[in-house]
Amino acid sequence: MSHPNPPQAPPRPPSWFPDPLDDSLLRYWDGYRWTFYTAERPVPAPSAPPQQVSQASPAPAPRPDIAAALRNVRGVLVGSMKEVNLLPGYLRPEEQVLALTSAQGEGQGVLACTNRRLLFLFVGVVRRQFLEVDWNQTKHIFYSQSTKTFSVYTTKFTKRAIPAFTVRVNNLNDANSIAYAAQSASAAPRLDVV
């Protein structure tokens, strides 16, 4: 007796394929959907020397403020460099990045502190997440060492207060760097660590 709904074979077998959003990466396809696992795409060695050498234009250097923030990151930015490279497109005119770190929201992205606001950016294959809170709205910043979550509140912090956004920051030093930059950017609240 045949099964009325036989299982469907995956449309493409599980494997590493070129990332649809970033040519420099490979992304793992599990047979049904893209995963969050990425790896650098290997560059094949040339088989024969090229006949004609053309000057390739170098990759654009990151903005000076973003480059400085990158130098100060103590944690790992694995899985977040795509968002770091996209960050300039999300910044307002005259907005400067003071600190940034890798963070987990709906996916692995970047948490950035600017002279105007805190923002989180994640760009996935299927989803995109952009969260922001301006300094004039921020009342409290809270980092929990036990859950490694960085929360931003637009109301007075109480046990029942709901954060405007929460992301996971694995490196306490990077969370402190974000909070220190926040304090120097404005009359932002201090970072409470528990």
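A residue counts as buried when its relative accessible area is under 20%. By that cut-off, 36% of the 194 residues of the protein chain are buried in this predicted model. The chain holds three helices and eleven strands. Read from the N terminus, its elements follow the order β-β-β-α-α-β-β-β-β-β-β-β-α-β. Of the contacts between residues at least 6 apart in sequence, 41% link residues at least 24 apart.

**The sheet of strands 1, 2 and 3**

- Strands 1, 2 and 3 make an open sheet in the order 1-2-3, with antiparallel pairing.
- Strand 1 and strand 3 (34-40) are the edge strands, each pairing on one side only.
- From one strand to the next, the twist averages 35°.
- Strand 1 (residues 15-18) and strand 2 (residues 25-29) run antiparallel and are joined by four bridges.
- The connection between strand 1 and strand 2 is a hairpin through six residues.
- Strand 2 is also joined to strand 3 by four bridges, again in an antiparallel arrangement.
- W29 of strand 2 stands opposite S15, and W29 also has W34 of strand 3 as a bridge partner.

**Strand 8 and its hairpin**

- Strand 8 (residues 140-144) is largely enclosed by the rest of the structure, because five of its five residues are buried.
- In a regular strand, side chains alternate between the two faces of the sheet.
- In strand 8, H140, F142 and S144 are buried on one side, and I141 and Y143 are buried on the other, so that both faces are covered.
- Strand 9 (residues 149-153) runs antiparallel to strand 8, and five bridges join the two.
- At one of the paired positions, S144 stands opposite T149 of strand 9.
- The two strands form a hairpin with four residues between them, and K148 in the turn has a positive phi of about 60°.

**Helix 3**

- Helix 3 (residues 172-185) has 14 residues and spans 20 Å from its first C-alpha to its last, close to the 20 Å expected at 1.5 Å a residue.
- The buried residues of helix 3 are D174, A175, I178, A179, A181 and A182.
- These residues cover an arc of only 160° around the axis, so they lie on the same side of helix 3.
- In an α-helix there are 3.6 residues a turn, so residues three or four places apart point the same way.
- Y180 and S184 are exposed on the other side of helix 3.
- The N-terminal end of helix 3 is capped by N171, which has a side-chain oxygen 2.8 Å from the backbone nitrogen of N173.

**T101 and its surroundings**

- T101 belongs to strand 4 (residues 97-104).
- With a relative accessible area of 2%, T101 falls under the 20% cut-off and so counts as buried.
- Leaving aside residues up to four places away in sequence, T101 touches L77, G109, V110, L111, V169, D174 and I178.
- Two of these partners, D174 and I178, are also among the buried residues of helix 3.
- The side chains of T101 and D174 are joined by a polar contact of 3.0 Å.
- T101 and F120 lie 19 residues apart in sequence, with a C-alpha to C-alpha distance of 9.7 Å.

Terms used: Residues are numbered from 1 along each chain as its sequence is written. This is a predicted model: local features need pLDDT of at least 70, side-chain atom pairs count only at pLDDT 80 or more; totals for chains, interfaces and linings use all residues. Side-chain values use heavy atoms; hydrogens and water are left out. Buried means under 20% relative accessible area, exposed over 50%, partly exposed in between (1.4 Å probe, protein chains only). Two strands pair if DSSP finds at least two bridges between them. Axes are lines fitted to C-alpha atoms, for helices over the stretch in contact, and angles run from 0 to 180 degrees between N-to-C directions. The expected span of a helix is 1.5 Å times one less than its number of residues. The arc is that of the directions from the helix axis to the C-beta atoms. A polar contact is a pair of N or O atoms within 3.5 Å; within protein, one must be able to donate a hydrogen and the other to accept it, and residues adjacent in sequence count only if both atoms are side-chain atoms. Contact means heavy atoms within 4.5 Å.
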